Amino acid sequence: MPLNNRIIICAAGGGKTTLIVEEALARPDLRIGMTTYTNNNRDGIASSLIFKKQALAPHITTSTWFSFLLKEAVRPYQRAVYKESRVVGIDWVKGKSTQGIPVSKTRPFYFSKGKYLYSDKVSQFACACNVASNGAVFARLKERFDVIYIDEVQDLAGYDLVLLEEMMKAGVPLVLVGDHRQSTYQTNHSGKYKQYAGYGIIALFRKWEKKGLCSLVYQTHSHRCHPAVAAFSDQFFPEEPKTESLNETVTDHDGIFFISSADLLKYVETFKPQSLRYDKKTLCSGYPAMNLGASKGLTFNRVLIHPGPGCVRWLKTGAIKHVINSREKWYVGITRARQSVTMETSTSQESLPLLSNDIDVMRRLLHR
């Protein structure tokens, strides 16, 4: 396992958690840190480690991103920047905190009640601690870990990305794993590096690679998605490498389908798909449905999509502009399916199968 900084982009269903877990378990001689944004992802990594090892792996430490920041980067050297109180925890903010307050006013800029770091300032404070301590924060990380894996790296934003860049420059060994096409969460909404938030993070990765800070590798295979499902999902990101499906399972209902609202009842009773919608405002013909974003990390044999207006316009025209601000969610929802994806339409035609090279035929039919 090379220890140079790596960024690995995995297609949906590509087995990225399995990849990093197997790599980490194969090197019991190393001190390994594994971190990711959400509790669910952290628990998934921990469960996978225990399942494969059949025991705890003492050389691997798992944590959420913010827990990692507090324990490993903030608290050890916080007094280099702030001596009034121990950093107790985090004050979670939905937007931007303390706007209009200069960074020179340390307490009101970074802290709520003098002891809770604002969530959009945690990484910025960690960077400040490293500078004020003459690099002691990053030196400690290099002593603590031989390699740090960061899963779902596309979720990181703002000063999180600045922190990663500075860590790489300082020689902290990192392996960043994720998929910018699945950017449905953000750790914060800081204005820093706003152009690299969400899907735009891939531009920053390429910039880092050009600087020689890391290597950028695509793994384009999907164990989950049927070939037609993988090809259909690729059309939301025509500029990205095409996905290679490794799913060879054949059932009586495989591929991409379109169905009229009038035929939904029989379809749902027959195939029992998981219904997905863009958000709670989406009309779902009375069927209970999960939001696209909430489906991230899950897998179903079959998915029924209730598309919103933007997706319908994209289906009819193929113009990415109609889904440019939502395509990550549509990509996530479609790639939850192993075998089939069915899109509800208001048309009355019989359900129409769509092969990856029949997109123009489908769009003519939808215009009827």
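Buried means under 20% relative accessible area, exposed means over 50%, and partly exposed falls in between. Keep that scale in mind as we walk through this predicted model.

**A pair within one helix**

A good place to try the scale is helix H10 (residues 264–271), which holds both Tyr267 and Phe271, 4 residues apart, about one turn of the helix. An α-helix has 3.6 residues a turn, so residues three or four places apart point the same way. Tyr267 has a relative accessible area of 6%, so Tyr267 is buried. Phe271, at 23% relative accessibility, counts as partly exposed, because the partly exposed class lies between 20% and 50%. Their rings form a tilted aromatic pair, 5.2 Å centre to centre with 45° between the planes.

**A pair across the sequence**

By the ring-centre rule, the count of aromatic pairs comes to 17. One of them, Phe237 with Tyr331, is edge-to-face. Phe237 sits in the loop between helix H9 (227–234) and strand E11 (244–245), while Tyr331 belongs to helix H12 (residues 327–334), so this pair ties together parts that are 94 residues apart in sequence. Phe237 counts as buried at 2% relative accessibility, and Tyr331 counts as buried at 1%.

Here are the two pairs side by side:

| Pair | Geometry | Centre to centre | Between the planes |
|---|---|---|---|
| Phe237 and Tyr331 | edge-to-face | 5.5 Å | 85° |
| Tyr267 and Phe271 | tilted | 5.2 Å | 45° |

**Clusters and charges over rings**

Aromatic residues also gather in a group: Tyr82, Phe109, Tyr110, Phe111 and Phe125 form one cluster. Phe109 has a charged neighbour too, as Lys121 lies over the face of its ring at 3.8 Å from the ring centre. Elsewhere, Arg327 lies over the face of Tyr199, at 4.7 Å from the ring centre.

**The cores**

Phe125 turns up again in the largest nonpolar core, which has 49 residues. The members that touch the most others there are Trp65, Leu117, Phe125, Leu164, Met167, Phe205 and Trp208. If you would like one residue to click on, try Leu164: leaving aside residues up to four places away in sequence, Leu164 touches Trp65, Ile150, Val153, Leu156, Leu174, Leu176 and Trp208. Apart from this core lies another, of 28 residues, and Tyr199, Leu292, Leu315 and Ala337 are among them.

**Helix H7**

Now for helix H7 (residues 159–169), which is mostly covered, with 9 of its 11 residues buried. The buried residues of H7 include Leu164 and Met167, and also Asp160 and Glu165. What covers them? The list includes helices H3 (65–74), H5 (122–132), H6 (136–144) and H8 (201–210), together with strands E7 (147–151) and E8 (174–178). After H7 comes Gly171, whose phi is positive, near 90°.

**Cysteines**

How many disulfides does the whole structure hold? A search finds 0. For Cys129, the nearest cysteine sulfur is that of Cys127, 9.3 Å away. A disulfide would need the two sulfur atoms within 2.5 Å. Cys129 is buried, with a relative accessible area of 0%. Cys311 is likewise in no disulfide, and its nearest cysteine sulfur, that of Cys284, is 13 Å away. With a relative accessible area of 1%, Cys311 is buried.

Conventions:
Residues are numbered from 1 along each chain as its sequence is written. This is a predicted model: local features need pLDDT of at least 70, side-chain atom pairs count only at pLDDT 80 or more; totals for chains, interfaces and linings use all residues. Side-chain values use heavy atoms; hydrogens and water are left out. A nonpolar core is a set of buried Ala, Val, Leu, Ile, Met, Phe, Trp, Tyr and Cys residues joined through side-chain atoms within 4.5 Å. Buried means under 20% relative accessible area, exposed over 50%, partly exposed in between (1.4 Å probe, protein chains only). Contact means heavy atoms within 4.5 Å. Helices (H or I, at least four residues) and strands (E, at least two) are DSSP runs, numbered from the N terminus. Rings of Phe, Tyr and Trp (its six-membered ring) pair if their centres lie within 6.5 Å; planes under 30 degrees apart count as stacked, over 60 as edge-to-face and the rest as tilted. A charge sits over a ring if NZ of Lys or CZ of Arg is within 6 Å of the ring centre and within 35 degrees of the ring normal.
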